[in-house]
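With the structure open in your viewer, please follow the stops below in order, making each selection before reading what is found there.

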Amino acid sequence: MSCTTSAHVSEPEASVGSAQHRGLLALLTAAAFLIFAQAFMIAPILPQLARAIHTTPETVGLAVPVYLVPYGAMTLVWGPLSDRIGRRAIILTSLAAFAVLTAATALADSTAAFLGLRLATALGASGVVPISLALIGDVFPYARRGKALGWLFGGMADGTAVGSSAGALAEPAIGWPGLFLAAAVGGALLLAVALAARVLPSTPRPATFPPPAAVAVGYRRLLHTARGRRTYVYVLLNAMLHSGIYTWLGLYLVQRFALGPIGVGLALLGYGIPGFLLGPVIGHLADRYGRARVIPTGVALAAACALLLATDSPLPAVVLIITALSLGYDMTQPPLGGIVTDLPGPRGQAMGLNVFALFTGFGLGSLAFQALLTAGFTVALTAFGAIALLAAALAVPLFRAERAR
């Protein structure tokens, strides 16, 4: 089947009016923003967390992969489950788990308790974002899906930036438990809005639930096609690139410029601006002109940012480079997600595998960059930039068929 022809014939798109479209996108974007904000607000406050629970920054830094890797693995369960019982039930249940477990994390008083609750939160909260992506695939036709995905990925990028900045700026005032309580309250409010507004539509469901063997076959089929393999590989590699760099930018800013918590927070704030301002625009351009040029350009931009950060640039330039790094993410993950929603098979499984690759990449990227940091930031950033530059060059022929419909 040509990659320019929709692969979905058994799951009709849900019928949702334009007003409900807007409400749906607003809710899903806000949820993605909040979940990513609490995921990444830990990185800039690792020293404070380490002192509070009597451990080292390196040990408490494991909270990042401990959250991200299980989060990605659990999406392999949520995806096919949402195909069976519906997207709405999964999103609401997972949002409730997020609120409860995030609140419980504020009570952790030891390293084991903190890491254990981060693991539990990952398992419980991991149904919101991937199933939201699948729901967008249900509701929006492929020709308009890029713009909708741009809003959702923009929320993720904004959450990453605001979470890091808020973690650094607000922790001195409200403490790290206050950060988790604020995120939990936000989750509870979103859950209440979702239940009251009823903007989450019902989606088609099969009459019978496939056995585990059939689910495994479905995942293999997604990777059987060249289109599926290259897309998932780039989701993984791109996530490793961005997470590896971004997770350690707080430490980078402290070591290079001796910034305090407020300075780090302000320097990172620009990371989400491109996603907030340009996410839907980039998605619209991908819909109109295809993803063949957008994806390689985004990877190349991220590679250039990594290589520039490896140089001895002044602080104002570094702030601009961090902002441009965010633009590279916005030009890659949303278009890749759009391709995933068009792969053959149940869309929940396809998006579950996508988020598995995405969050596994986030976790592995953080660990890989940490390993390279033994040789210093210059070596780590240069290595990441060189690999990304090679990936950008390979993306040109690999994605050349992803033209506009």
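Begin by selecting residues 63–85, which are helix α4, together with residues 87–105, which are helix α5; in this predicted model the two helices pack at an angle of about 130°, with their axes 7 Å apart. Because an angle that is neither under 35 degrees, nor over 145, nor from 65 to 115 counts as oblique, α4 and α5 are described as oblique to each other. To see the contact itself, show the side chains of Trp-78, Gly-79, Leu-81, Ser-82, Asp-83 and Ile-85 on α4, and those of Arg-87, Ala-89 and Ile-90 on α5.

Keep Arg-87 selected and add Asp-138, since the side chains of these two residues meet in a salt bridge, with 2.7 Å from N to O. Asp-138 belongs to helix α7 (residues 128–139) and Arg-87 to helix α5, so the pair ties together parts of the chain that are 51 residues apart in sequence. Asp-138 and Arg-87 are both buried, and you may need to hide the surface to follow the pair. The count of salt bridges in the model comes to five.

Next, select Arg-227 and Asp-342, which form another salt bridge, the closest N and O atoms being 3.1 Å apart. This pair links distant parts of the chain, for Arg-227 sits in helix α10 (residues 226–247) and Asp-342 in the loop between α16 (333–340) and α17, 115 residues apart. Arg-227 is buried, and Asp-342 is buried as well.

Stay with helix α10 and move to Arg-230, which forms a salt bridge with Glu-402, the closest N and O atoms here being 3.8 Å apart. Again the pair links distant parts of the chain, with Arg-230 in helix α10 and Glu-402 in the segment after α18 (377–398), 172 residues apart. How buried are the two partners? Arg-230 has a relative accessible area of 18% and therefore counts as buried, and Glu-402, at 3%, is buried too. If you now display Arg-227, Arg-230, Asp-342 and Glu-402 at once, you will be looking at one network, joined by salt bridges that share partners.

From the loop that holds Asp-342, go on to helix α17 (residues 347–372) and select Gln-349. With 5% relative accessibility, Gln-349 counts as buried. What surrounds Gln-349, leaving aside its neighbours within four places in sequence? The residues in contact with Gln-349 are Gly-79, Pro-80, Asp-83, Val-215, Gly-218, Tyr-219 and Leu-222; two that you have already displayed, Gly-79 and Asp-83, also take part in the contact of α4 with α5.

Now turn to helix α8 (residues 142–197) and pick out Leu-179, which is buried, with a relative accessible area of 7%. Not counting residues up to four places away in sequence, Leu-179 touches Met-41, Ile-45, Ala-166, Gly-167, Ala-170, Glu-171 and Ile-174. If you add Gln-38 to the selection, you can check that its C-alpha atom and that of Leu-179 are separated by 8.1 Å, although the two residues are 141 residues apart along the chain.

Finish on the surface, by selecting Ile-273, Leu-277, Leu-278, Val-281, Leu-285 and Tyr-289, which form a nonpolar patch with about 550 Å² of accessible area together. Val-281, one of these residues, is placed in helix α13 (residues 273–289). Is Val-281 buried, partly exposed or exposed? Its relative accessibility is 42%, so Val-281 counts as partly exposed.

Definitions and conventions:
Residues are numbered from 1 along each chain as its sequence is written. This is a predicted model: local features need pLDDT of at least 70, side-chain atom pairs count only at pLDDT 80 or more; totals for chains, interfaces and linings use all residues. Side-chain values use heavy atoms; hydrogens and water are left out. Patches are made of residues with over 30% relative accessible area and no salt bridge: like charges are joined within 9 Å, nonpolar side chains (Val, Leu, Ile, Met, Phe, Trp, Tyr) within 5 Å. Accessible areas come from the Shrake-Rupley method with a 1.4 Å probe; for residues, only the protein chains shown count as cover. A salt bridge is a side-chain nitrogen of Lys or Arg within 4 Å of a carboxyl oxygen of Asp or Glu. Helices (H or I, at least four residues) and strands (E, at least two) are DSSP runs, numbered from the N terminus. Buried means under 20% relative accessible area, exposed over 50%, partly exposed in between (1.4 Å probe, protein chains only). Contact means heavy atoms within 4.5 Å. Axes are lines fitted to C-alpha atoms, for helices over the stretch in contact, and angles run from 0 to 180 degrees between N-to-C directions.
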